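Here's a quick tour for anyone meeting this protein for the first time. Have a look at the picture, then read on.

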Amino acid sequence: MSEKYSVRIQGKNADIAVEENQSILDAALRANEWLPHSCTQGTCGTCKLKVLCGEVDHHQSPEYTLTAEERADGLALGCIATPRSNLTVEPLGNAGDDGVPHYPLRDYEGTVVVLEDIAANTRRLVVELDTPMAFNAGQYAELLVPEHGVARQYSMANPPTETRRLEFHVKLTVGGLSTDGWIFSSMVVGERISLRGPLGQFNLVNKQDEPAILIGGGTGLAPLKSIVQQALAEDLVPELFLYHGGRRREDLYDVEYFRELERRYLHFHYRPALSEEQWDGAMGLVTDVVIGDFSSCKGMSAYLCGPPAMVEAAVKALKRRRMAPRLIFREEFAITPAA
Ligand code: FES
């Protein structure tokens with residue numbers, strides 16, 4: 001039986017039980033004690049915490065996320081570090097009340113009910129859960145790849161009101177364990193799968209006064225689709241712009257769905273853009289299209305999801321258009337070597 005340690009989270013006055021082989025973040029989220037986090041894979045550094053008392057195992061915490069100096073200063077990555085003793089830790093990021101509802105991390109079982117090709121090398125996967133999962137629009141779940149003992153992250157594309165039926169958009173990675181080896185090959189409708197969630201802190205949950213620009217590349221559209229549905233249903237923003245970038249027409253999907261939303265909601269604007277194929281819509285890199293549409297983004301907020309290069313380009317473009325950095329929220333595709 002694995003040993004259990006007690007971990008005190010400074011500033012929350014919370015004590016949680018953590019298994020010796022369980023990350024501090026995993027235990028905290030399961031105990032419904034919110035800690036800042038994003039990638040849960042050791043790549044973003046959002047989950048850094050200070051170990052005030054006790055000893056942790058850093059495992060493979062990457063040097064580019066947690067430097068030798070930071071380790072020497074007693075910092076650790078909450079999503080990787082496991083306890084070697086009872087601990088007292090203090091999160092570096094804001095773990096307090098940020099006005100956003102948080103839901104506990106749980107394990108789920110479900111059945112694949114839809115599996116369809118929606119764009120080039122892109123599938124829509126819908127899973128009917130045995131028990132409902134509460135989550136915020138923009139969050140993700142980890143699907144456990146059968147027989148490999150690894151998990152892969154996919155954002156929910158459905159609105160959070162649909163807690164039993166989760167929609168994911170999956171892009172094929174050639175040779176990838178989860179995509180090439182499973183979702184695009186052996187997976188069938190009716191298959192039982194295991195997953196855990198919700199995870200991540202990318203969301204637009206509270207009513208805001210400023211217009212929002214959503215920019216997605218490829219399947220980066222998934223969390224934005226969830227956010228769009230919630231924002232429109234709950235009237236969260238005065239004006240909402242959705243940009244979806246692809247290279248060719250075959251890369252775009254759910255075009256008619258968003259056009260129909262545009263017809264229904266006058267304050268919603270949908271702008272798909274292609275960078276490599278002539279068509280009757282916007283042409284060019286999606287960030288250039290945004291730049292062309294706005295002479296100033298002052299007072300607006302942005303939500304970005306896609307490949308890191310697209311997200312970086314979008315951040316630069318929005319700052320050039322005078323958007324405040326604190327109002328730019330980003331979700332990069334996880335850096336998993338074999339997606
Ligand atoms: Fe821990 Fe990203 S490094 S959540």
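How many residues does the largest nonpolar core have, and which of them have the most contacts inside it? This is a predicted model, and its largest nonpolar core has 81 residues. Those with the most contacts inside that core are Ala-212, Ile-213, Leu-214, Ile-215, Leu-242, Tyr-243 and Ala-302. Take Ile-213: if you skip its neighbours within four places in sequence, it is in contact with Phe-241, Val-290, Cys-297, Met-300 and Ala-302.

Now step back to the whole thing. The protein has 7 helices and 19 strands. Its C-alpha trace spans about 60 × 45 × 35 Å along the principal axes. A compact globule with 339 residues would have a radius of gyration near 20 Å, so the 20 Å of this protein agrees with that. Of the 339 residues, 42% count as buried. And if you look at contacts with a separation of 6 or more, 68% of them are between residues 24 or more positions apart.

On to the sheets. One open sheet is formed by 6 strands in the order 17-16-15-14-18-19, with parallel pairing. At its edges sit strand 17 (282–283) and strand 19 (328–332), each pairing on one side only. Inside this sheet, strand 14 (residues 212–217) and strand 15 (residues 240–246) pair in the parallel sense over 6 bridges. As one example, Gly-217 stands opposite Gly-245 in strand 15.

Two helices that pack on this sheet are set out here:

| Helix | Strands touched | Angle between directions |
|---|---|---|
| Helix 5 (residues 255–264) | strand 15 and strand 16 (268–274) | about 150° with strand 16 |
| Helix 7 (residues 308–320) | strand 14, strand 15, strand 18 (301–306) and strand 19 | about 170° with strand 19 |

There's another open sheet to find, made of 5 strands in the order 2-1-7-3-5, and here the pairing is mixed. Its edge strands are strand 2 (14–19) and strand 5 (75–77), and each of them pairs on one side only. On average, neighbouring strands of this sheet are turned by 40° against each other, direction ignored.

Which strand does strand 5 pair with in the antiparallel sense? That would be strand 3 (residues 48–53), over 3 bridges. If you want one pair to pick out, go for Lys-50, whose bridge partner in strand 5 is Leu-75.

Note on methods:
Residues are numbered from 1 along each chain as its sequence is written. This is a predicted model: local features need pLDDT of at least 70, side-chain atom pairs count only at pLDDT 80 or more; totals for chains, interfaces and linings use all residues. Two strands pair if DSSP finds at least two bridges between them. Helices (H or I, at least four residues) and strands (E, at least two) are DSSP runs, numbered from the N terminus. Axes are lines fitted to C-alpha atoms, for helices over the stretch in contact, and angles run from 0 to 180 degrees between N-to-C directions. A nonpolar core is a set of buried Ala, Val, Leu, Ile, Met, Phe, Trp, Tyr and Cys residues joined through C-beta atoms within 7 Å. A residue is buried if 20 or more other C-beta atoms lie within 10 Å of its own, exposed if 12 or fewer, and partly exposed in between; C-beta atoms are placed from the backbone. Two residues are in contact if their C-beta atoms, placed from the backbone, lie within 7 Å. The radius of gyration is taken over C-alpha atoms; the globule rule is 2.2 Å times the number of residues to the power 0.38.
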